[in-house]
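Q: Got a structure here I'd like to walk through. Can you help me read it?
A: Sure, put it up.

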Amino acid sequence: MTTSPPARPALPAPAPTGAARRTLARNRSVLFGYLLVLVLAVAGEVVSRGFLGINHIDELVISGGFIALVGLGQTFVILTGGVDLSIPWVLNAAAIYLTLWANGDSAKMAWIVPVLLAGAALVGAVNGIGIAFLRVPPIIMTLGMSGVVEGALLLSTNGGSGQNAPNAAVYLATHRWGPVPVLAVLWLAVLMIATVVLGATPFGRRLYATGLNQRVATFAGVNVRFVTVAVYMISGVAAALAGIALAGYVGQSYLGMGDPYLFASVAAVAIGGTSILGGSGNFVGTTAGALALAVLAGLLPILGLQPAALEIVYGCVILGAVMLSSVRSGRDRSAG
Amino acid sequence: MTARSGTSAPVAGSGGSGNGGNGGSSGSGQAGRQALARLRSYSATADIRPAAAWALTLIFLFTYAIKQPGTLTGSSLGILAADTLTLAALGLGQGVVILTAGIDLSVGGVLALGTTIAATHFTNGLTIALWTVVILAIGVAAGLINGLLVGRLGLQPFIVTLATWSIFDGIALYVLPVAGGQVPTGFANWINGAAAGIPNAIWALAAMVVVWLWFRRTRTAKRIYAVGSDREAAGIAGVRIAPTLMSAYAISGFCAAGASIFYVMLTASGDPTSGDGLILPSVAAVVIGGTSLRGGQGGFVGTVAGALTLTLLTDVIFAFNLPSYWTVLADGLLLVLAVLAGSGLQALQARRRQA
């Protein structure tokens, strides 16, 4: 891109190629993410004994998992160069409808969960169609849909907040297989599926191509519109799944339970080294970001900070990560 | 410096008004002239979108008036204006940022912070004056931070302002953890008062329009339009991009802070979550008002109509005994529909120009 790189001191003898350097840079940010988790966790143990006790680690992994799950959708969307602002209300709607429709009857979950996931996929499809076919900017489309989902939820429930989650949801969300929480297994499965989809399938390659350059991707035979609709559908389904699991884990649903997850999902993606411009990054990084945020959230009360501090931290983390990656990519470009 | 073409208000939109060649040293004459010609071509045709927005406003107004007789009296219109002020002020700033082809989500955070400070610190005339200055200064500072990150570092506007929205929301929660606080009654009552027989709120709304019409003719505004129309051409024509973007975001921060004062007058209290629900309407007001999300086209005259429309929508929903939850759903739908209508109109105009 740049015309002429500034004069540099003699290059180190066997300079790695551009591609190798980029791979290194990408892994560096993922490594950085996990390093951050480690440092924060150790800091927590130093400040308060038992922070790294097995029970508390469980809790951190599970709350990090919720961020990672919404971060999954956000990662897919951001990789294509978009963003999904409708996540909080899709999550909230899934949680509230689950508890209201089930009304304590666990058997009803057999049809409620598929219906909710299909509904979320539909919301995502509307987002994707507006963006891919009608050329509405992603931020506007998802902001508008966020209002539509919120309004539809409030209207259909008459503004009522949710109620207690059905026992089956609570059981699944809090059950353990031996020492391992069921949710942790679910998170691991999600992590593996997402990593395989992004790294080793044609869909994954098309997704990256779309994010790098839509026009070039189109010329290369990628159905950019299909990819765009698909990622917003994935994001909707991930948010709904998170809402269902969260309702079970917390034991109830209430208005506003999705609110923290917009900032958290974007922050997790940003810490994980995924480029906000699209085209580079992966879900392994986002998982690191989600864990780091969960550990941070656990650390703040120990340090005597109010929950309000969390929002400030989210904002600073997003800014810091984006600035860092902008500086880094600038350096990569002038070096390559 | 450079020849200045027509500077008509955007609602009239009759003449070409894109002009960016101010400040800095223009590049080579040839490239500069070409860039200027390119910039002018962007606003060469009449834009009917603001007029459409005003038509929509009137439709809503008359619908409401039929259902609710007495709407078209001075005091009722005053209440309408009072209800619109917060959104109009937010839209004024949001519109300036959208003119640069950016977006400012942090207006929600600045507004929330402003209301919490006002509700906890306004006690008498002196503290009101003092803390109003502080709130406005915070708004400008917030905008400068956004503008610095967007303009100097070239970061994406939505991610920067998403982050600062979160930060200012967090600070607001520190100032006032739950909705509440209070302000002196006399201060809150100003918004319902009247001067020279005309409600204060209408004066305030008119003042904003007048300030906009003045601002529209300043060099800063022309640079903002130029940068939004075609950043590259504006740069070649000698517009310094980063300071221009910083001024746009600073204006937005200032307006959001001003909006928080109106909000506090209307509700007589503060709310750390007040901003979250106003970001969507602030963008919707701008877009319904006919400002293009691609930047460079539109203005506050349309945005006022957009803000009035959204406020009237709430009134109409109320008048028809519909649940108030329709409001947020309708806001979202209107935002998307307005974007589609806007780009449809643009495509139509482009086709007619070719024909």
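Q: Which way does α4(A) cross α10(A), left-handed or right-handed?
A: The crossing of α4(A) past α10(A) is right-handed. Keep in mind that this is a predicted model.

Q: At what angle do the axes of those two helices in chain A cross, and within what distance do they come?
A: Roughly 145 degrees, with the axes coming within 7 Å. Helix α4 of chain A covers residues 109-132, and helix α10 of chain A covers residues 224-250.

Q: What kinds of residues make up the contact of α4(A) with α10(A)?
A: There are 18 nonpolar residues, six polar and one charged.

Q: Zooming out, how many helices and strands does chain A have?
A: Chain A has 13 helices and two strands.

Q: And how much of chain A is buried?
A: Of its 336 residues, 49% count as buried.

Q: What share of the chain A contacts between residues at least 6 apart join residues at least 24 apart in sequence?
A: That share is 79%.

Q: Switching to the contact of the two chains. How many residues does each chain bring?
A: Chain A brings 38 residues and chain B brings 34.

Q: Which helices of chain B supply at least two residues each to the side touching chain A?
A: Those are α6 (157-175), α12 (279-288) and α14 (326-354) of chain B.

Q: Which one gives the largest share?
A: α6(B), with 13 residues.

Q: What's the class breakdown on that side of chain B?
A: The side of chain B that touches chain A has 25 nonpolar residues, seven polar and two charged.

Definitions and conventions: Residues numbered from 1 in each chain as written. Chains lettered and ligands numbered in written order. Predicted model: local features only at pLDDT ≥ 70, side-chain atom pairs only at ≥ 80, totals over all residues. Axes fitted to C-alpha atoms, helices over the stretch in contact; angles between N-to-C directions. Helix = DSSP H or I, 4+ residues; strand = E, 2+ residues; numbered from the N terminus. Left-handed = near helix turned anticlockwise from the far one by under 90°. Nonpolar A, V, L, I, M, F, W, Y, C, P; charged D, E, K, R; others polar. Contact = placed C-beta atoms within 7 Å. Buried ≥ 20, exposed ≤ 12 C-beta atoms within 10 Å, placed from the backbone.
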